[in-house]
Amino acid sequence: ERLAHRVPEVAPSFELPAAAWGDMELAAYDCLFACTRSGDPTLVPELFQRTALPRHTLKAVWQVANPDGQAKLTLEKFRCCCRLLAHCQKLARDPQHEGLLEAGGPPLEQLLGHLAAQAPESTPSFIVAGWSDPEQATYRKLYGESKSGDTEATRLLFEQLGLPPDTLKAIWSVGNPESRAPMDEGSFWKSCRLLFHAVVLKAQERNVPLLHGGGEPLEQLFRGCLAAVSPAELPASAVSNWTGGEKAAYQRWFEQTQLGDMTLTTQLFERSGLARHTLKAIWEAANPEMKARLGEEEFWLSCRLLGHCQALQKDPAIVRLLEDGGPALVSHLRTKSMLAPPPQLPRLSGVGMTPVPSTSSAVPSPMISAAMAGAYREVGGAAPYVPRAMRREESGASSGGGSPSSMGGALSAADWSKGERVAYDRLFGEFQSLSPGSSGRFFDRTGLPQLALAKILELTMPDRGPQDFWMCCRLIGHCQALHSKERNRALLETGVGEVAGEEKTLEAHLRERCMHRLPPQLPNFRRKPPGATFSA
């Protein structure tokens, strides 16, 4: 009676140690805190009002959890508010507490002071918020990519975020309770909201057991509060399943185009040999905002779609679609191609096409020059080696090296056997997928003498594109066949030897007898280099 009408000298504090919070509470409250941009003074009151509790109840909760009246709540005070809101929602279900909650004031604050130290039976629930503009844009795009909720496409899409299977099962149960297949747009959007909440939860290590456990506890968390609020973060792209080969190749090309320069990127993509309408559709599918300069994400997606379209050229049912382009092809690429790695990495160097300008066009790429420089050091070379075909003083000479198109005439598809085309295409894919640090050792796997290998690399420069790489493989096949016979080894090891009773240099033999002939055997890239213990 005496103290109830006196102002206390010290404001009570209800901040609790972390150990007082249950795992479910921490997961829910911390996720909600992130959704309010870490306690934004405008967003927090808006969130609390969606509990449907009386205004005086909300005022009492704020007073107990935030006695010093700070405009922006700390995480600890926000947690306390959420706990008290959950207690008040339980009290609201009991008619005898209706008057207390409506009146608020000291009596309710006193009760809440006792309840602040007790865990509620469940987390607070909120009136479902409308979809934010970013959510609408993101979920609408993803729904299209899922083929309008197709079960398999949706599963593939959701799995890309790396969440545990039991988490995805809980999301499916809450977001699509009627198990509709295909999923309707409303259920899909709700599932996406839960999906991105789960991504935020996954960032906290203490939530990992909850996510892996799944089941009713996680479903209750999703259903109780997280389904009603917009997630804290939305990903820039749902695509995350890049293969190692894609990462290495696409990043190298992105740097080669000076980080997405429009002119250089256009030149690069034209080297795919795809029809103009196909390239236009790829650009629109991967770059919906039609940026003049592609960002890294859009560039990588474009490269992925190039690979898909090149593979689709072998499908008679799709060829017409590729040639016509337009909205039908854009839709096909977004829904059926963008979310999965292509069957093969794109091939970007057609015969007769202009190579993409390089910042070091007068020297070979680091991966090849390193291999050749090492080879010439092995046979006594002193200075770093620069291939003759790249030397300015010999670049136009008839005896100079160059690509297959400059070595006695361009080779047509008919000049390559079916076995060569299959084998060389596969090897080129492997070569592109390697990082620069390991690409230089790629040709060591042929087991050829260093001088012979260096001469082949000098003549063909295989890093310039598929045709040059194929010619390199053909010459390797010829040299491996020569190396299998004792009488020919001097030619490969010293660069000069007797062939068919006539003394020839290795370079002359390769030009005259090998470039336009099928090799006796396809190249073997699993041999052990002479004197090495290297293991493929």
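This passage describes the aromatic ring pairs of a predicted model, together with charged side chains placed over rings.

A search of the whole structure identifies 27 aromatic pairs. One of these joins Trp242 and Trp300, whose ring centres are 5.3 Å apart; the planes stand at 90°, and the pair is therefore edge-to-face, given that planes over 60 degrees apart are classed in this way. Trp242 belongs to the loop between helix H12 (215-224) and helix H13 (244-256), whereas Trp300 is part of helix H16 (residues 296-312); the contact therefore ties together parts separated by 58 residues in sequence. Both Trp242 and Trp300 are buried. The ring of Trp242 also has a charged partner, since the charged end of Arg304 is positioned over this ring at 4.4 Å from its centre.

A further aromatic pair is formed by Tyr250 and Trp253, with a centre-to-centre distance of 6.1 Å and an angle of 35° between the planes, an arrangement described as tilted. Tyr250 and Trp253 are both located in helix H13, at a spacing of 3 residues, or about one turn of the helix. Each of the two residues, Tyr250 and Trp253, is buried.

Elsewhere in the sequence, aromatic residues assemble into a group: Phe428, Phe431, Phe442, Phe443, Phe469 and Phe525 make up one aromatic cluster. A charged residue is also found over the ring of Trp416, where Arg474 lies across the face at 4.3 Å from the ring centre.

Note on methods. Residues are numbered from 1 along each chain as its sequence is written. This is a predicted model: local features need pLDDT of at least 70, side-chain atom pairs count only at pLDDT 80 or more; totals for chains, interfaces and linings use all residues. Side-chain values use heavy atoms; hydrogens and water are left out. Rings of Phe, Tyr and Trp (its six-membered ring) pair if their centres lie within 6.5 Å; planes under 30 degrees apart count as stacked, over 60 as edge-to-face and the rest as tilted. Helices (H or I, at least four residues) and strands (E, at least two) are DSSP runs, numbered from the N terminus. Buried means under 20% relative accessible area, exposed over 50%, partly exposed in between (1.4 Å probe, protein chains only). A charge sits over a ring if NZ of Lys or CZ of Arg is within 6 Å of the ring centre and within 35 degrees of the ring normal.
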